Amino acid sequence: IHDEIMRDKFDEDIKDYVYIDDAVDAIMNAMQYRPPVQDPSPVVFNVGTGKGVSLKQIRDEMMGHFPPNSFDNKGQTIRSTKQQYNSQRQATTSYASTELSNSLLGFKAQVPLSVGIARTLTWLRERSAPFGKDSKVSTLIDSFVDKSLAKATREECSPFDRECLRGASIFPCASECSKAESCTPSAWDDAALLSRLITSGCDAVMFTILLDKDAEQIPSANASTASSLSFVGAGLPEIGDVGERTKARCNIAFVFEESPLVQRLRSEGEVYTDDNDSNELPEMIRHGYWTLLPLKHTSSGWISAFSGSFALGHLPKISPGQFFGSSVRYAIFVEPSLLVADLPRILKQMDDGSMEKDSVIAMMAMKRRQSCDASDRRSTWPWTRPQDNDSIQRTMHNMVRVTLKGDLLGGGLTQVIDSSFLVHSLQGEDAKMLRCDVYSEAVQWGSSLDASLEFILSLHDFWRRAGKHWSSGESLEPGSVNTENSLLGVLSSSDTQSFAQIVPSEEVIHSV
């Protein structure tokens, strides 16, 4: 596209271009081919369209998806102005004879050149911004290209059709990882909108999730061991608008509307309003230091609306970016049966960052407790995931670990990382990409969040270390996951290095 001299010399070269889906079909057909005779001679099947296409046609087809004059030779390379090509070079022609493929395999390429190029450009763009392009850097060219590709491909996949989606994750619309043109509605949509209004003005939000339609209480709400350091607002005055408002609205519990807990608190008058709020919020329910945010429990909202519905329970837990007000810098998740030991200290630790120069903490998690039993978390869901999913995912992850000679976290009978406590930095694109990578892994497998979190965190760290090794030539750094307060590197798109910090559980939480 950019190099004029290259274009002059190679424009007329003709080759056979076949789309990847057609190539895979041909290979699958060949694998099933059985010769009609014993001891047959080897047969060679050519895979192609049987038609020649010039490089100029390829270039013109690609350029059709960009605005006119969007390049204007700005991309001419130094190489093109310095290197001279043989002026006597003749154009070459090469395309496949598909006679045997047609007659013996029944194979014929189905995807036209124009559609194949549009799909390839779409695939590249989606991989460069898998969770949506940052609106701050989006351009008119981006908009033009997106509309052109959408018109060319004209392939509308159901969010439940995994084959049509070709491995792309379709997220709930309430997730920060979703794209407006392809997301699935869920009961979280209204909850996210209300939660953003409630937490407007908070610097940090602590939240929990108890989606149990039979829940009668949140264990941490009235725990005798709870202290003023266990919730957002610790240290603020007990009396006064700032202190009261922060403590009331910056600690959120997502529960079911139909639960006995919500019905009892309403009947006992445990509600409050914020007279100074301009958003005209409804009455809010108090339970200890939690403000309850009720969600409706309907089969259509939870089971049918999202392929891989088990991952819905993880949505705000691992992808909280759209659930809280724009002022919120940190979102702290804690299971209903746990108490945070010293929240002000943890938030200061997030503010201070790691000991590395020019670095930030994108996420904080804790090492698995010695006596960690999922049944003790008091967090039950209105759905279940197939039991086979966990074992298949574990097998796949361990194959990757073996390939990388064990240079990844985990691989034991249980996960090293426990997602019962998580601190998310809601600042920066790197932290968002990390969250979306974790959530995408959980969505695709429909399996354990702990396994997905552990694998993605360790994979980010490995690629960060590998990238440093390739760029500097230094030996590959060992992982740091076996030390106290481990730091796992996060793939970064800026000069500021992001880390995920894994801390000992006894430093951050204790059970009710």
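This passage describes the secondary structure, salt bridges, surface and selected residue contacts of a predicted protein model.

The predicted model contains 17 helices and 15 strands. Of the 512 residues of the protein, 44% count as buried, and the area that the protein exposes amounts to about 26700 Å², of which carbon and sulfur atoms supply 52%. When contacts between residues at least 6 apart in sequence are considered, 79% of them join residues at least 24 apart.

One of the sheets can be described strand by strand. Three strands, in the order β2-β1-β3, form an open sheet with mixed pairing. Strands β2 (53-54) and β3 (93-94) stand at its edges, and each has a single partner strand, so one side of each is left without a neighbour in the sheet. The pairing of strand β1 (residues 14-15) with β3 runs in the parallel sense and comprises 2 bridges; within this pairing, K15 has S94 of β3 as its bridge partner.

The residue D11 is placed in the loop between α1 (4-10) and β1. With a relative accessibility of 13%, D11 counts as buried, because the cut-off for this class is a value under 20%. Although D11 and K56 are separated by 45 residues in sequence, their C-alpha atoms are 4.8 Å apart in space.

Salt bridges were examined next. Side chains of opposite charge can pair when their charged atoms come close. The structure holds 16 salt bridges, and among them is the one formed by D21 and R119, whose closest N and O atoms are 4.0 Å apart. This pair links distant parts of the chain, since D21 belongs to helix α2 (residues 20-31) and R119 to helix α6 (residues 113-128), with their positions 98 residues apart in the sequence. The two partners fall into separate accessibility classes: D21, at 27% relative accessibility, is partly exposed, whereas R119, with a relative accessible area of 18%, is buried.

A further salt bridge is formed by the side chains of R368 and D450, with an N to O distance of 2.5 Å. This pair, too, links distant parts of the chain, R368 being located in the loop between β11 (359-367) and α15 (387-403) and D450 in helix α17 (residues 449-472), 82 residues apart. Both R368 and D450 are buried. In addition, K56, R59 and D60 are joined into one network by salt bridges that share partners.

A salt bridge also connects D342 with R345, and in this case the closest N and O atoms are 4.0 Å apart. D342 has a relative accessibility of 23% and counts as partly exposed, and R345, with a relative accessible area of 33%, is likewise partly exposed.

On the surface, a nonpolar patch is formed by I20, V24, I27, M28 and M31, which together have about 490 Å² of accessible area. Within this patch, M31 lies in helix α2, the helix that also contains D21. The relative accessible area of M31 is 55%, and this residue is therefore classed as exposed, the cut-off for that class being over 50%.

Contacts made by individual residues were also considered, beginning with Q497, which is found in strand β14 (residues 497-503). The side chain of Q497 reaches the backbone oxygen of V490 at 2.8 Å, and it also makes a polar contact with the side chain of S492 at 3.4 Å. When residues up to four places away in sequence are not counted, Q497 touches D358, S359, V360, R464, G489, V490 and S492.

The residue V512 is located in the segment after β15 (509-511). With a relative accessible area of 48%, V512 is partly exposed. V512 and L338 are 174 residues apart along the chain, yet their C-alpha atoms are separated by 5.6 Å. L338 is also one of the residues that V512 touches, the others being P219, S220, A223, S337 and L339, again without counting residues up to four places away in sequence.

Definitions and conventions. Residues are numbered from 1 along each chain as its sequence is written. This is a predicted model: local features need pLDDT of at least 70, side-chain atom pairs count only at pLDDT 80 or more; totals for chains, interfaces and linings use all residues. Side-chain values use heavy atoms; hydrogens and water are left out. Helices (H or I, at least four residues) and strands (E, at least two) are DSSP runs, numbered from the N terminus. Buried means under 20% relative accessible area, exposed over 50%, partly exposed in between (1.4 Å probe, protein chains only). Patches are made of residues with over 30% relative accessible area and no salt bridge: like charges are joined within 9 Å, nonpolar side chains (Val, Leu, Ile, Met, Phe, Trp, Tyr) within 5 Å. Accessible areas come from the Shrake-Rupley method with a 1.4 Å probe; for residues, only the protein chains shown count as cover. Two strands pair if DSSP finds at least two bridges between them. A polar contact is a pair of N or O atoms within 3.5 Å; within protein, one must be able to donate a hydrogen and the other to accept it, and residues adjacent in sequence count only if both atoms are side-chain atoms. Contact means heavy atoms within 4.5 Å.
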